[in-house]
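This briefing is meant to be read alongside the sequence and the structure shown below. The notes after it are grouped by topic, with strand pairing taken up before the pocket.

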Amino acid sequence: MDRGDTMEHAFVFRNDGNRPLTIEERGTTCMCMLPELESGAIPPGQSREVVLRWIPKKYEMEFHQTATIATSDPRRRVVTLTVFGH
């Protein structure tokens, strides 16, 4: 990526349970990565995209960024989304 370019990736959260699933952004490894979350719970059987967008502020040979998502799933309370490249 060139400095100043914008890249994004959509991660899909699917609710395979029988209750609404809530997801909430809990932080990122840098301010250049902005999670976009739709408000409201994900109904059973439905999906929702979480779009991560990042803009490099300086040129680096490799990058590795994460965003932490909290969920209401008792089996997986925290999900870490990762993007990396070179």
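In this predicted model, strands β5 and β6 form a hairpin, with 6 residues lying between them. The two strands of this hairpin pair in the antiparallel sense, and 8 bridges connect β5 with β6.

**Strand pairing around β5**

- Strand β5, which covers residues 63–71, is also joined to strand β2, residues 23–28, and this antiparallel pairing is made through 5 bridges.
- Ile69 of β5 is a useful residue to follow across the strands, as Glu25 stands opposite Ile69, while in β6 the bridge partner of Ile69 is Val79.

**The largest pocket**

- The largest pocket holds about 470 Å³ of space, and of the 18 residues that line this pocket, those closest to its centre are Arg14, Asn15, Leu21, Asp73 and Arg75.
- Two or more residues of the lining come from each of the elements β1, residues 7–14, and β6, residues 78–85, so that β6 appears both in this lining and in the hairpin with β5.
- Strand β1 gives the most to the lining of the largest pocket, contributing 3 residues.

**Character of the pocket lining**

- When the lining residues of the largest pocket are sorted by type, 7 are nonpolar, 5 are polar and 6 are charged.

How values were computed:
Residues numbered from 1 in each chain as written. Predicted model: local features only at pLDDT ≥ 70, side-chain atom pairs only at ≥ 80, totals over all residues. Heavy atoms only, no water. 1 Å grid on protein atoms, 1.4 Å probe; cavity = no way out; pocket = protein on both sides within 12 Å on 5 of 7 lines; lining within 4 Å. Points joined across faces, edges and corners; volume = space filled by probe spheres on them. Helix = DSSP H or I, 4+ residues; strand = E, 2+ residues; numbered from the N terminus. Nonpolar A, V, L, I, M, F, W, Y, C, P; charged D, E, K, R; others polar. Pairing = 2+ DSSP bridges.
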